[in-house]
Amino acid sequence: ELGQTLERMAQTLRDQLPAAGSGGRGWVPPGTHPDPRPPDEADVVVVGGGVVGWSVAYWLKVLEGRRRRHGMRVLVVERDPMYSRASTVLSVGGIRQQFSLRENIQMSRFSANFLRNINEYLGVPNEPPIDIQFQPSGYLFLASPQNAAALEATVQFQRDEGVQVTLLSPTQLKEKFPWINTEDVAVASYGLEDEGWFDPWTLLNALRRKATSLGVQSCSGEVRGERWGCTVRFPRGTPRTPHLTPKPSSFCHLGQPHDVASTAVCTHQMRPRECVCATPGSPGAPVTPWHPSPPSVPSSSCPFVIDTSGAYFRPDGSAGNYLGGMSPPEVSLQGPLRSFTPLFFIRHLQFILFQEEEPDPSDLSVDHDYFQEQIWPRLARRVPAFESLRVRGSWAGYYDYNTFDQNGVLGPHPRLENLFLAAGFSGHGLQHAPAAGRAVAELLIKGRYETLDLRRLGWDRLVDGEPLQEHGVV
């Protein structure tokens, strides 16, 4: 009997290897569906293969356990398989605990633990260990005299929730970070634990690789919603409809959405964010990347700084680069979910900011004048060394934004019983993806939240017109 078992295992391995003389042509690695089209049947269709979508798919397979005899059939549909325009891989990669809403703090704490033990969750046998390149330098929020009391109250609330955070006076701030201009700063909050930034692409690939090893299938295409199913339309070719059996365990699930999913959920548009690359130093003289920074220049251990003006920046690697941006002004927009951010990437600085006029969502060109006229002055005022920035390059991406209350929307749609949503995180999707994915998977499999109680992030608040106020939106 043992011999027969070993022979079956050997035959399985032979079946997975390329045929002799084929040169490897036509070979499909284990766990990868050989047909680029979607399967004929699926129990769950995840629309949007960004970090939130793949997190949902991963947790569905982890939590199903032995509940289903043949396993849940999960399909992830992504219309941009190269992720050339995806917001996940173009984000600043931050994670923080300093929020004013309990649910956001809880999701951040869950995600921080997940990332700390990422190889226990997402490690795949015989694959290299995962290194998300986490930089635990914390977040530094600066408050003006008008906002000092509010920040102090928020910090007390955060401490009550278990967040490790301290308050700094202007004198303490200057002593710790001598490169910062403390003019108009009344108080600052500095995160001491589970805050910093990491590589978004590594997390996305790790989730996708692990989910695929667990049996999740994926394909490239666009999704059109239906009551009991969905149609996947390919960039080239005819539509194909995976059959979704109309029963409580079958859902058409909407993960982090793109435009293709918006028709089934809400009015959702993507607005470009731009990024410009520059280097601080004397005009015409590049900064030597491997030498220690002088006290007037932020070092590689600089925290993620949130300025009183809404501008922000953080180091990006150890070669004298920085990544940053600026929060949008209040703009009246139509529909509960919209996307917006012109994002600027600069060397020794990389920036994101919002414009009052929405740019063309199909145009990802960079507005260099906006950096020169709006972002640069704000940063140079806070860090005088940034007055000598020099632009070297640029890129653009997208930002998913919920204009109703800037918080994620999780859970079932109030009218479409087989449609679940996980979107609208307004810049927090990457850091909250592990928690949001598990929460939605728990709803689908167990019918309730178990790990975190995120009921307040459901659709009811949109229907009732009762926003959840998060004062820590960046």
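**Exercise 1.** State the accessible surface of the protein and the share that carbon and sulfur atoms supply.

*Solution.* The protein exposes about 21,500 Å², with areas taken from the Shrake-Rupley method and a 1.4 Å probe. Carbon and sulfur atoms supply 50% of that area. The model is predicted: local features need pLDDT of at least 70, side-chain atom pairs count only at pLDDT 80 or more, and totals for chains, interfaces and linings use all residues. Residues are numbered from 1 along each chain as its sequence is written, and side-chain values use heavy atoms, without hydrogens and water.

**Exercise 2.** Classify the pair of tryptophan 59 and phenylalanine 114, and place both residues.

*Solution.* Rings of Phe, Tyr and Trp (its six-membered ring) pair if their centres lie within 6.5 Å; planes under 30 degrees apart are stacked, over 60 edge-to-face, the rest tilted. The count by this rule is 17 aromatic pairs. For tryptophan 59 and phenylalanine 114 the centres are 6.0 Å apart and the planes at 55 degrees, so the pair is tilted. Tryptophan 59 belongs to helix α2 (residues 51–64) and phenylalanine 114 to helix α3 (residues 102–116), 55 residues apart; helices are DSSP runs of H or I, at least four residues, and strands runs of E, at least two. Both residues are buried, that is, under 20% relative accessible area.

**Exercise 3.** Repeat this for phenylalanine 177 and tyrosine 190.

*Solution.* Their centres are 5.7 Å apart with 90 degrees between the planes, an edge-to-face pair. Phenylalanine 177 sits in the loop between α6 (170–176) and β6 (187–191) and tyrosine 190 in strand β6, so the pair ties together parts 13 residues apart in sequence. Both phenylalanine 177 and tyrosine 190 are buried.

Technical notes. Buried < 20%, exposed > 50% of the residue type's maximum accessible area, 1.4 Å probe, protein only.
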